[in-house]
Structure formats: structure tokens, C-alpha cells
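This report describes how the copies of a chain are arranged and where they meet. The structure comes first.

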4 protein chains.
Amino acid sequence: MNKYQFTLEIAVRDYELDAEGIVNNANYLHYMEHTRHAFCRRQGYSFAQMTADGIVPVARRVEIDYLAPLHSGDVMLSCLNVVRKGPRYIFMQDIFNQATGQLAVKAQITIVAIENGKISRGDRLARLLPV
Amino acid sequence: MNKYQFTLEIAVRDYELDAEGIVNNANYLHYMEHTRHAFCRRQGYSFAQMTADGIVPVARRVEIDYLAPLHSGDVMLSCLNVVRKGPRYIFMQDIFNQATGQLAVKAQITIVAIENGKISRGDRLARLLPV
Amino acid sequence: MNKYQFTLEIAVRDYELDAEGIVNNANYLHYMEHTRHAFCRRQGYSFAQMTADGIVPVARRVEIDYLAPLHSGDVMLSCLNVVRKGPRYIFMQDIFNQATGQLAVKAQITIVAIENGKISRGDRLARLLPV
Amino acid sequence: MNKYQFTLEIAVRDYELDAEGIVNNANYLHYMEHTRHAFCRRQGYSFAQMTADGIVPVARRVEIDYLAPLHSGDVMLSCLNVVRKGPRYIFMQDIFNQATGQLAVKAQITIVAIENGKISRGDRLARLLPV
């Protein structure tokens, strides 16, 4: 594993499986959002606080490569790094099968902050959430 | 808190909130299923193994009282007791807000085991999963 | 089928199945909420409008009997009747397999309206949403 | 709107909103999967039949641009085109707000077929599901 700014351990829940017995592709977006929000809370600025402050982070672009499926009983390590590029926060998010060390999913998620209904320049978020 | 056979700590995930900022009612069924499956694994007989053995536990009846909503950032203690009544496994499941100790949800979930497409008498499950 | 105040046709989506190939129990709460909200919109008072008016309907109690599972490709008829009992709105909700006419799920959902953070007497909702 | 091989009308369900009142990003993967499965059924080869035949389509790569959020009460037109490139089926999937005609989401989803636990060359699927 590379160096990551943040890692969260998440257990697969059986309702997240689809009829083939593998985690449905949409759930990885849920895992990764949950990981980003946990990261923000660890940095001292929770998602609830952001919303209260009128800063609404939304996904602008998502790229995911699905490399190896997760199954019932699996535990994952959900890891992230983040860089700011102007108004965009680029999260590089990798999910590993904890038991095997295998890379299950590799993603790049671009987040922008909506303020007053418009995409902001991200400066306020950058002050409140140094990354 | 009463005595429980099993307790699982679960963090609210923000995508589980609905537009009012409280956990959507359906997600409690997910939390409680996840808790039952974790309980079975702890007892030594995982859900994946059950299915492989041709035993498919399904919900037959659900009663839930919603007493206090959970919000972003909350952590819950999801607790259960279970008794067998013939073919039926009755799970008494309570969910507490960990920080406040407040009871959020109180439920009774009746599970039956499907074997060969029919509700079984539950004897095989009872041997494999003593409760 | 009995007489119902409202019926909505809903197609099963494959991601709603679980590893056994049947619709996961929690999704029926989603189907039934979606049906209630479509009913309110048909009555001329949408959920979005309610929230904007400071009336937040929440589930207080749920009872569901699961009678026959739904599978991939199934279409359901999701039907409801509703009566008001003081602050409580009692929804009787039945879901039928459209192709077979078989009753899949029978439920009673008790909704109360939160106004200013407390359970209201429901009078305002009753004026705006005659049932 | 361009020409599409298939279009499905889908209504937003309120539980798909997140706390900001917009459809959560992961749900678009659900909408698009549901659209692909409806397309396959229309072409005469359902997902259930595929699985019964030992062909399991899985997502290999996903790219999504989120252009305009969907809200409570919105209805979308979920459109697709598909081309085969060797083992890969590339779905170009666009989702429009039906009322405004605005493009909400633009995506490219790469699907491969798993047969006997391995990525197949896709020839069997190509015979059964001409695209």
C-alpha cells in the first residue's frame, strides 16, 4: 500500500451484495463518500458543520476502476489522498481487501463546493479544511 | 440498557440521511439485518455459509417503533436478543444513540428459514446456530 | 384486490435484490414511502412543499408482513388506504405482484407530522392534505 | 437530445435525496444499471436469464460527469447507446431532466461479462444480445 492521508476500515454489509453475491457497483460510491466525510471530521470540520455554514460539497466527476469484487464477510480498507486544484478537490480513493491486500477499486472523485447555489472558488472551504 | 446477547457499534453514514437530515426509516432495517448477520458470524455460522448450505433466512414479519431520530455523525449501539419459537426466530432488536444512551428504535423481527423453497421447521438451523 | 385510495405501479430494480435473488426486506419500506409521497402529490400537496411549509412527516411505527417474495423482472402494484386518528396518519399499504395478483407484502405504517421539532396534532396537515 | 438506442423514464424517489435535497451521487449508478437491464429485457435477453445462463455482466470502469442536480419530484429520461469493443461493452448513458430538457448526468460505463469466474471474450453475450 502507498502512503495515504486517511484510511477507514469498512465491513461489507450483506444487503450491499447483488444477486451475484458481489458488492453492487453503486455501493463503492457510498463507501467512498463515507470515507471522505470521516476524513473531514478527523480534520476537524464535519459535513454537518459544512452544511450549517452554507458550504455544500458535491461530486462533479467520478472515475472508478473496478479491479476485484468484494464479497460477504469481506472487510475493506478505504484509503484517500486529496489535492486542491482551484475550485476542485481531487480525491484519489483506493479500496483494498483487508485480508488479501488486493486492490478492489481505484477511483478519482472531483468535488466542488456549492455556496449560495453556485460553484464557489473553494477558498472558504480551503481555510476551514486544510488538506 | 438491558442485557443483550449481542451488540454492534454502527456509525451513521451521511447518504443514509434523507432530505430532513435524519436517518431514513428504511435504513434501520439495514442496520438490524447487518447486526443479525454479524451475530451469526460471531456464533460461528455466517450468512454466506448458511446460503451455501441451502438455508436462506428471510424476514417474515417486522414491527418497528421509531422513538428518536439519528443524525449525521451519530454512532449507534445496535443490540439484539433472540428466541426460537418453532420455525420462527424472534429477534428483539434495540438501537441506542451511543452518545446520549437514548433508545432510537425498538423492533421485533421474525425470521424463518427457507429450505428447498419452503419454510422449514428450523431444526437444522437450530443445530448449526444455537441461540 | 380491495378498494384502495391510491395505487402505484413499480418495477423491481435488480440492485434491490439481495444475494438470494429476492427483493431485500428494507426496500419495501422504500417502495411504500415512494407510494405515500406519490399519493400526496396526487392529492395536491407534495412532500417538497410540506417540508418547505415546515411540516415533516416521519414514520412512528411500522408493521410489515412479508407474504411472498418479489424477484427480478417483477412489477408490483403498491396500494394504500389512509385514515387519520388524531395526530397519527395510519397508512394501510398492500403490495401485489402484478402478474400473479398475489399479495407480496401487507403493512401498516403510522406517520406523524413534526412541526417546530415536535409531534404536531396534525391539524395543519389535515387542512392541507385531506385524506 | 441525440438519438439513443433506448430511453427509460424514471421518477426520483425522495429517499434517494441526501440531506441537501439533491439526489445522492451513487443513485445515478443505480438509475443507469436499471436502464441497462431494462434495455436488455427489451432486446429479449433479461438479466435474470443471463445469470441463469452463467453470464454475469459486471462494471469494469465508470466515468460520470454530474452536470445539474435532480430534486424531489423530478422525472428523468435515462438514455443509452452501446458499442462492443472486443470483450468490453461500452455504454454511453445520458440522463436528462424531463421537464427542462437539461442534461443532468453524462456517463460512460464499461461492462464485461464474467463466465466461469473469468472475464470472457464476450462472444456468447454478443450472439444472445445483439446491440
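Chains D and C meet through the same surface, because 100% of the interface residues of chain D are also interface residues in chain C. Two residues count as being in contact if their C-beta atoms, placed from the backbone, lie within 7 Å.

The model is predicted: local features need pLDDT of at least 70, side-chain atom pairs count only at pLDDT 80 or more, and totals for chains, interfaces and linings use all residues. Residues are numbered from 1 along each chain as its sequence is written, while chains are lettered from A and ligands numbered from 1 in the order in which they are written.

Copies were superposed by least squares on the C-alpha atoms of residues with pLDDT of at least 70 in both.

| Chain D laid on | RMSD | Turn | Shift along the axis |
|---|---|---|---|
| chain A | 0.0 Å | 180° | 0.0 Å |
| chain C | 0.0 Å | 180° | 0.0 Å |

For chains D and A, this is the relation of a two-fold axis. Glu63(D) has the C-alpha of chain D nearest that axis, 2.2 Å from it. For the axis relating chains D and C, the nearest C-alpha in chain D is that of Ile10(D), at 5.2 Å.

Next to Glu63(D) in the numbering, Val62(D) touches Asn25(A), Val62(A) and Ile64(A), as well as Leu29(D), Ala107(D) and Ile109(D), not counting residues up to four places away in sequence.
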